[in-house]
Each structure stands twice: as C-alpha cells, then as structure tokens.
Amino acid sequence: MNTEERFETLVQEPGILRCQECQGAMQFQRRGVYVCIECGWEYLTQFGKVKKYIDEHGPSTALQISQATGVSRKKIDEYIRERRIEPTGRR
C-alpha cells in the first residue's frame, strides 16, 4: 500500500490520523490539505496537489497538471466532471 492509499485509509478513520514525520495529530486544513499540528508537515491528497498547482500556476491543461503533479489525467478529468476544478477549454 503506497502513502496515498495509507493516508486515504486514515482519513476514513479520523481518530488515528498521525503525521508521518513526528507522529503528531494531523488536522484538516482545507480541501485536500492536512497539516500536522506538532511539526507543520503538510500532506496533500491527489486533489490537494491539483488544486495547489492551479492556485500557483493558474489555468492549465489536464496534461500540464498531470505532468507537474503526478496525478493521472483520468483523475483530473474526474475532478472536472465533478466540477471540483474548472476546465480550461484545452486538453
């Protein structure tokens, strides 16, 4: 099980969210972002990675976002269909 899968499992059981760096408690910050209240370590879900990229770089194609974040184009297309992010009109 990779880090993303382990964290997603933990998100479903909020009583056991622990920082991978210091074992401190992880706190929900905003959509897709969790921060350790002890050391400040930030964990981004796949959505968090996409959202952060768009916030920092502005509107981009799904291909650009995928290449920069490592999130699959299929997942990015899913976020667009769910209206969690806005399409740029380009692929």
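**Exercise 1. Place Lys 52 on the scale from buried to exposed, then find its salt-bridge partner and say what the pair ties together.**

Step 1. In this predicted model, Lys 52 has a relative accessible area of 33% and is therefore partly exposed.

Step 2. Now look for the partner: the side chain of Lys 52 meets that of Glu 42 in a salt bridge, at 3.6 Å from N to O. That value passes the cut-off, which asks for a nitrogen within 4 Å of a carboxyl oxygen.

Step 3. Locate both ends. Lys 52 belongs to helix H2 (residues 46-57) and Glu 42 to strand S3 (residues 42-44), so the salt bridge ties together parts that are 10 residues apart in sequence.

Step 4. Check the partner too: Glu 42 is partly exposed, with a relative accessible area of 33%.

**Exercise 2. State how many salt bridges the structure holds, and work through the pairs Lys 51 with Asp 55 and Arg 84 with Glu 82.**

Step 1. The count is four salt bridges.

Step 2. Take Lys 51 and Asp 55: their side chains meet at 3.2 Å, N to O. The two residues are four apart in helix H2, so about one helical turn separates them.

Step 3. Add the accessibility. Lys 51, at 34%, is partly exposed, whereas Asp 55, at 52%, is exposed.

Step 4. Turn to Arg 84 and Glu 82, whose closest N and O atoms are 3.7 Å apart. Arg 84 is partly exposed at 32%, and Glu 82 is partly exposed at 41%.

**Exercise 3. List the residues of the largest nonpolar core, and say which elements give two or more residues to it.**

Step 1. A bit of background helps here: in soluble globular proteins, nonpolar side chains tend to be buried together.

Step 2. The largest nonpolar core has 10 residues: Phe 47, Val 50, Tyr 53, Ala 62, Ile 65, Val 71, Ile 76, Tyr 79, Ile 80 and Ile 85.

Step 3. Sort them by element. Those giving two or more residues to this core are H2, helix H3 (62-69) and helix H4 (73-81).

Step 4. Keep the other core separate: six residues lie apart from the largest one, among them Cys 19, Met 26, Tyr 34 and Tyr 43.

Step 5. Zoom in on Phe 47. Leaving out residues up to four places away in sequence, Phe 47 touches Arg 31, Gly 32, Tyr 79, Arg 84 and Ile 85.

**Exercise 4. Work out which residues of H4 are buried, how they are arranged, and what covers them.**

Step 1. The buried residues in H4 are Ile 76, Asp 77, Tyr 79 and Ile 80.

Step 2. Look down the axis of H4: these buried residues fall within an arc of 155 degrees, so they line one face of the helix.

Step 3. Now view the other side of H4, where Lys 74 and Arg 81 are exposed.

Step 4. Return to the buried residues: their cover includes H2 and H3.

Step 5. Follow the chain onward. Just after H4, Arg 83 has a positive phi of about 65 degrees.

**Exercise 5. Describe how strand S2 pairs with S1 and S3, and what becomes of its two faces.**

Step 1. Strand S1 (residues 26-30) pairs with S2 in the antiparallel sense over four bridges, and Met 26 stands opposite Cys 36. Two residues lie between these strands in the hairpin, where Gly 32 takes a positive phi near 85 degrees.

Step 2. S2 and S3 also run antiparallel, joined by three bridges, and here Tyr 34 stands opposite Tyr 43. Their hairpin has five residues between the strands, and Gly 40 in the turn has a positive phi of about 85 degrees.

Step 3. In a regular strand the side chains alternate between the two faces of the sheet.

Step 4. Apply this to S2 (residues 33-36): Val 33 and Val 35 are buried on one side, and Tyr 34 and Cys 36 are buried on the other, with both faces covered.

**Exercise 6. Decide why Cys 19 and Cys 39 are not counted as a disulfide.**

Step 1. The structure holds zero disulfides.

Step 2. The sulfur of Cys 39 is 3.7 Å from that of Cys 19, its closest cysteine sulfur, which is too far for a bond. The cut-off for a disulfide is sulfur atoms within 2.5 Å.

Step 3. Finish with the surroundings: Cys 19 is buried at 1% relative accessibility, whereas Cys 39 is partly exposed at 42%.

Note on methods: Residues numbered from 1 in each chain as written. Predicted model: local features only at pLDDT ≥ 70, side-chain atom pairs only at ≥ 80, totals over all residues. Heavy atoms only, no water. Buried < 20%, exposed > 50% of the residue type's maximum accessible area, 1.4 Å probe, protein only. Core = buried A, V, L, I, M, F, W, Y, C linked by side-chain atoms within 4.5 Å. Contact = heavy atoms within 4.5 Å. Arc of directions from axis to C-beta. Pairing = 2+ DSSP bridges.
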